[in-house]
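Student: Could you take me through the aromatic rings in this one? I'd like a close look at how they pair up and what sits around them.

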Number of protein chains: 2
Amino acid sequence: MTISRADCLALDADDPLRRFRDEFVLPDGTVYLVGNSLGALSRTAAAATARVVAEEWGGQLVGGWNASGWFDLPLTTGDRLAPLIGAGPGQVVVGDTTSIAIVKAVSAALRLRPERRVIVSDTANFPTDRYVVQGLVGSLGGYEIRDIDGPDALDAALSDDVACVLLSEVDYRTGARLDTAEVTARVRGAGALMIWDLCHSAGAYQVDVAEADFAVGCTYKYLNGGPGAPAFLYANPRHHADAESILTGWHGHAAPFAFEPAYRPAEGVRRFSVGTPHVLSFAPLNASLDIWERVDMAQVRAKSVALTSLFIDLVEESCAPYGLELVSPRDPERRGSQVSFRHPDGYPVMRALIDRGVHGDFRAPDLLRFGFAPLYIGFADVHDAATALAEVLGKELWRDERYRRRLAVT
Amino acid sequence: MTISRADCLALDADDPLRRFRDEFVLPDGTVYLVGNSLGALSRTAAAATARVVAEEWGGQLVGGWNASGWFDLPLTTGDRLAPLIGAGPGQVVVGDTTSIAIVKAVSAALRLRPERRVIVSDTANFPTDRYVVQGLVGSLGGYEIRDIDGPDALDAALSDDVACVLLSEVDYRTGARLDTAEVTARVRGAGALMIWDLCHSAGAYQVDVAEADFAVGCTYKYLNGGPGAPAFLYANPRHHADAESILTGWHGHAAPFAFEPAYRPAEGVRRFSVGTPHVLSFAPLNASLDIWERVDMAQVRAKSVALTSLFIDLVEESCAPYGLELVSPRDPERRGSQVSFRHPDGYPVMRALIDRGVHGDFRAPDLLRFGFAPLYIGFADVHDAATALAEVLGKELWRDERYRRRLAVT
């Protein structure tokens, strides 16, 4: 390869984010390029979780709701997360799952635009985004889902009966990144509300929700909140007085402990809280946010672009004869922190890569996905991953029927 | 008191459940009678949570979804919980919150009875139960909530347009317990579906969902699953093929990783799963279920009846002059594992009790609630609590304006 592993080690040595790598637990001999699916465990997350269990639950018991601020976790954690997506304090609430958060945002949008009956959704949206909208519309009746194939089809879909548009900033398959400001302006210009799914962008770089109406996302990918860490929901302040979700639980009530007979939404974004927060699942997320507070997001983005660009260059250089096709945008401005290639034998190729300690993931029918979390992935990792991929494809071991059978059963 | 503390210590010595007390962490000098709100931490829960964080998340990273069974946690945990509520395997799914679980059950019930447009709900239901139904009905349109004041009003409310009835087996304020089999038979006899909220019964004694259509509940009270532990939802097998909730996320899809364009519900109760499970919040719940597997529920109920009956007797004996009024049913068959008294100065009385290490809780305007978790509360605790209550009421310290002011600000 034109760039050697030694070159990459030199890049790592100069990396201003290098110091964060040691704050994460990564198994020996593993190049973990699945941080776009589940972020790595930070060393402080384990201690923080143990402390919440032993000191807060064990030591304070039910008193922890006040003494340890459990009751306000959805908001205090939201305030800490807000800067990462360009939001301000009191605009983000954390809890539930991304699926539930989408139900909240879409149902609120429909009530804010009662005369409009169409929800525009992209076929590239993550499946659960589509499923929950289908479930909502199936029960509500009188609404139509207008599926588009990519943002180019957006303008044609933006008729004056569109209530809201639900899109992902970064495509979970291709890593393609949309211009949120530009798309939001178009959608709002058409009188519809813009809802962003930030699952694959939050923590990958500095997100800017800007003029968006709502945004949702998960915290267990680039944000390293832990498996099943709670989701977040951003609501633009312009909707804080009027937006009402279909999900109206006591933690979203204006006076949750007054036990009033009728639901009365809390002021601000708290109204999007529903049930009792999953306290333990907040612990590692808050430990991770301690790390994020020390991170320069401009450095994160610069490194992300460098890592993904280098991976594309090295793979294309060393794997040219092997039928790989780049699926991610070549222009780094149009790319998240993920690189995807297509290969007809993608599944056994990925299994063979994992056997070599390089962890990406495979999405049927032929997609190889590699995520680059700039806090703990380095340039030598990129070199190792590209080298392993070239070896796997070059050795043709994976073409052997017995080997492929073994991969399929392990 | 006619029964001495020594008598109570003798009862504790003979208690077949005594051995479980040492498995829980209870702060020194505390009589914890709030297990009906947040159950105590078991010693194994802390270790189990630490193991999930370090070994599963840290060691397996994204591989934990398969290697550690995270993906199936809602069902495997549900199967373990099922016997405690009289359900069988494949009938209970764990996840989300009670509020969300109620939305699932009620929305599914409405679709199963499309020609009926009334939801019967009790004003004694926990507020969030009422709020989420209000939110659902407010968005769906065309439905009516028929609030009744107690189960005596049920028959009059059961007209032939009632789709479902949502009741709590145990009243969170009074501890009054309904006869679920009898009520379910009446509701189903009227052609409506029965949905039980088991928040205050699961883990307090052997519940029997029997012929109920749906049941929901939390796992952080008597089940000791930890603060914000995920909720459970039971669906009677008669509805497994047809029931569809309004909340249709990818974890409830028949093929969640096939990424099909349209939602297609999974077989069985898995269809009520929605988003990514909060993995860490399942850890202490499963540790607690390890304990429950060793527990004889007949012993739990016998001890619960003995504890609550003794508390009523001792309090009435020693506090007779002080204006306490028993709110809970005197008949143990009609009572959960909780005793509530009314007192006009309930708030300062409870604060003074807590100052003495006896932890109950207060619900406005005048309710003193005491929960008795038979796994870790003993007869001497009951004696100590009754003694402290008599002291507080007898000393009249709490009538002192300065003391009450101090209590109000601390």
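Tutor: Here's a walk through the ring pairs, then the charges that sit over rings. Keep in mind that this is a predicted model. Over all chains, the structure holds 32 aromatic pairs. A pair of aromatic rings is described by the distance of the centres and the angle of the planes.

Let's start with Phe24(A) and Tyr376(A). Their ring centres are 5.1 Å apart and the planes sit at 50 degrees, so this pair is tilted. It also links distant parts of the chain, with the two residues 352 residues apart. Phe24(A) belongs to strand S1 (residues 24-25) of chain A, while Tyr376(A) is in the loop between strand S15 (367-371) and helix H13 (379-395). Both Phe24(A) and Tyr376(A) are buried.

Now over to chain B, for Trp250(B) and Phe257(B). Here the centres are 5.5 Å apart with the planes at 75 degrees, and because an angle over 60 counts as edge-to-face, that's the label this pair gets. As for burial, Trp250(B) has a relative accessible area of 10%, so it's buried. Phe257(B) comes out at 48% relative accessibility, so it counts as partly exposed.

Ring pairs also build a cluster that takes in residues from chains A and B: Phe71(A), Trp250(A), Phe257(A) and Phe259(A) are linked with Phe126(B) and Tyr172(B).

Last, the charges. Arg177(A) lies over the face of Tyr205(A), 4.0 Å from the ring centre. In chain B, Arg177(B) lies over the face of Tyr205(B), at 3.9 Å from the ring centre.

Note on methods:
Residues are numbered from 1 along each chain as its sequence is written. Chains are lettered from A and ligands numbered from 1 in the order in which they are written. This is a predicted model: local features need pLDDT of at least 70, side-chain atom pairs count only at pLDDT 80 or more; totals for chains, interfaces and linings use all residues. Side-chain values use heavy atoms; hydrogens and water are left out. Rings of Phe, Tyr and Trp (its six-membered ring) pair if their centres lie within 6.5 Å; planes under 30 degrees apart count as stacked, over 60 as edge-to-face and the rest as tilted. Helices (H or I, at least four residues) and strands (E, at least two) are DSSP runs, numbered from the N terminus. Buried means under 20% relative accessible area, exposed over 50%, partly exposed in between (1.4 Å probe, protein chains only). A charge sits over a ring if NZ of Lys or CZ of Arg is within 6 Å of the ring centre and within 35 degrees of the ring normal.
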